[in-house]
Amino acid sequence: MKKTFALLLAAIMMLALLTACGGGDKPADTTPPADTSAPADTGSDAAPEAPAAGGNIGVCIYKFDDAFMTTYRNALQEILEGKGYQVTVVDGNNDQAKQNEQINTFITQGVDALIINPVMTSAADTIIATVKSAGIPTVLINREPTADQMAAYDKLVYVGALAAQSGTMQGELILDTPNQGDINGDGKISYIMIQGDPENIDAQLRTEYSVKALTDAGKEVEQLNLTRGDWDREKGQTICANDLAQFGDKIEVVFCNNDDMAIGALQAIQSAGRKVNEDIYLVGVDALDAALNEVKAGNMTGTVLNDAVGQATGAVAEMEKLLGGATYASGSQSVYIDYVKVTPDNVGDFMK
Ligand code: GAL
């Protein structure tokens, strides 16, 4: 009798233990894989309600010293911890070799899943091969590899946003101004482009599509300068100050691939005695709090919401699908969260 009771107790304890740590190794039949055959364009709608699992999640961020990725990583950590996961977030210091080591360390520690913001998009093959050989479900964020690269591993998904869309919206913000960007009325829009890290597809496509929106609308454009500012506020300020010194009133539009550089550019514009929306236009991307304040105050023409919370929510939802046993067919391994145009008219909707 005593023995039967002990056995029963052991069985109950075992069951409780299994339920408590069901995050990473739940048999596929208890949580059916989500349907990934549907077009992967929403990211957050089809996530199964996963129980707070207590699994261990490793998060690699390309560098902590990046304004947008700071908002993003804080959102990610809050969502994961809110769901009961043990989360370790590490700073790659913009050094791919260091991030590779961090990934290996997480694998050695036996994490249940990884969320990785690669330092270099060009390192995607190595990262994917590493997580594949360890069999770790992985969500890549913010820096999108090609579909072919991702096809190498079916427990891998990318969550991000379509960079071209944000570029197009920046161009539209200029087309929406009273003189459609042609402040001096000479028939062409003269601009400078302050670019992010050009290795990054966000920088490449925002640069291309912001101008394409103007030319597609039949506008003549003149690029006075294009300079890489690596997403950095101080570089944005220096570049804009140099360009203002060199080109003066010729500059009608300052395109910045992100808000942090735009905030820097604004400082240069103000020191040069220029006035945004009167004698110069300024647009960024991300909708950082600082930029929202400047849009509201009329010191930025507009920005584009890069939805950090939406992307973090989507990344966790996809991670939970992977933990539930989902696999992804090649060609449907990217999930995109929409950008949103932010102008003085709707800026209040985005302010906390
Ligand atoms: C972009 C964002 C930039 C920067 C970059 C890092 O999406 O707009 O501000 O964070 O990602 O890759």
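Trainee: Which residues does Asp 182 touch, leaving out those up to four places away in sequence?

Mentor: Asp 182 touches Gly 187, Lys 188, Ile 189 and Glu 252. This is a predicted model, by the way. Asp 182 is found in the loop between helix 6 and strand 6 (188-195).

Trainee: How do you know that Asp 182 has no salt bridge?

Mentor: Look for the nearest side chain of opposite charge. That is Lys 219, 7.2 Å away. A salt bridge needs nitrogen and oxygen within 4 Å. So Asp 182 is buried yet has no salt bridge, because 7.2 Å misses the 4 Å cut-off.

Trainee: What does the side chain of Asp 182 reach at 3.1 Å?

Mentor: The backbone nitrogen of Gly 185. Polar contacts allow N or O atoms within 3.5 Å. The 3.1 Å distance is inside that cut-off.

Trainee: Why is the pair Lys 83 and Glu 320 called a salt bridge?

Mentor: The closest N and O atoms are 3.1 Å apart. The cut-off is 4 Å, so the pair qualifies. The two residues sit in distant parts of the chain, 237 residues apart. Lys 83 is in the loop between helix 2 (67-82) and strand 2 (86-91), while Glu 320 is in helix 11 (residues 308-323).

Trainee: What makes Glu 320 buried, and Lys 83 partly exposed?

Mentor: Buried means under 20% relative accessible area. Glu 320 has 4%, so Glu 320 is buried. Lys 83 has 25%, which lies between 20% and 50%, so Lys 83 is partly exposed.

Trainee: How do you know that Lys 341 and Glu 172 meet in a salt bridge?

Mentor: N to O is 2.9 Å. That is within 4 Å, so the definition is met. Lys 341 lies in strand 12 and Glu 172 in helix 6 (residues 163-175), so the pair ties together parts that are 169 residues apart in sequence. Both residues are partly exposed: Lys 341 at 24%, Glu 172 at 27%.

Trainee: Why are Glu 318 and Lys 321 separated by about one helical turn?

Mentor: Because they are three residues apart in helix 11. Their side chains meet in a salt bridge, 3.1 Å from N to O. Glu 318 is buried, and Lys 321 is buried too.

Trainee: How many salt bridges does the structure hold?

Mentor: There are 15. Some share partners: Asp 197, Arg 228, Asp 230 and Lys 235 are joined into one network.

Trainee: Which residues of helix 10 are buried, and what puts them on the same side?

Mentor: Ala 291, Leu 292 and Val 295 are the buried ones in helix 10 (residues 289-297). They cover an arc of only 105° around the axis, which puts them on the same side. On the other side, Lys 296 and Ala 297 are exposed. The cover over the buried residues includes helix 9 (259-271), strand 10 (303-305) and strand 12 (340-342). After helix 10 comes Gly 298, with a positive phi near 80°.

Trainee: Which residues have the most contacts inside the largest nonpolar core?

Mentor: Leu 76, Leu 80, Val 254 and Leu 282, in a core of 60 residues. Beyond four places in sequence, Leu 80 is in contact with Ile 57, Val 59, Tyr 85, Val 87, Ile 115, Val 316 and Met 319. A second, separate core has 18 residues, including Phe 106, Ala 123, Ile 127 and Tyr 153.

Technical notes:
Residues are numbered from 1 along each chain as its sequence is written. This is a predicted model: local features need pLDDT of at least 70, side-chain atom pairs count only at pLDDT 80 or more; totals for chains, interfaces and linings use all residues. Side-chain values use heavy atoms; hydrogens and water are left out. Buried means under 20% relative accessible area, exposed over 50%, partly exposed in between (1.4 Å probe, protein chains only). Helices (H or I, at least four residues) and strands (E, at least two) are DSSP runs, numbered from the N terminus. The arc is that of the directions from the helix axis to the C-beta atoms. Contact means heavy atoms within 4.5 Å. A nonpolar core is a set of buried Ala, Val, Leu, Ile, Met, Phe, Trp, Tyr and Cys residues joined through side-chain atoms within 4.5 Å. Lys and Arg count as positive and Asp and Glu as negative; His and the chain ends are not counted. A polar contact is a pair of N or O atoms within 3.5 Å; within protein, one must be able to donate a hydrogen and the other to accept it, and residues adjacent in sequence count only if both atoms are side-chain atoms.
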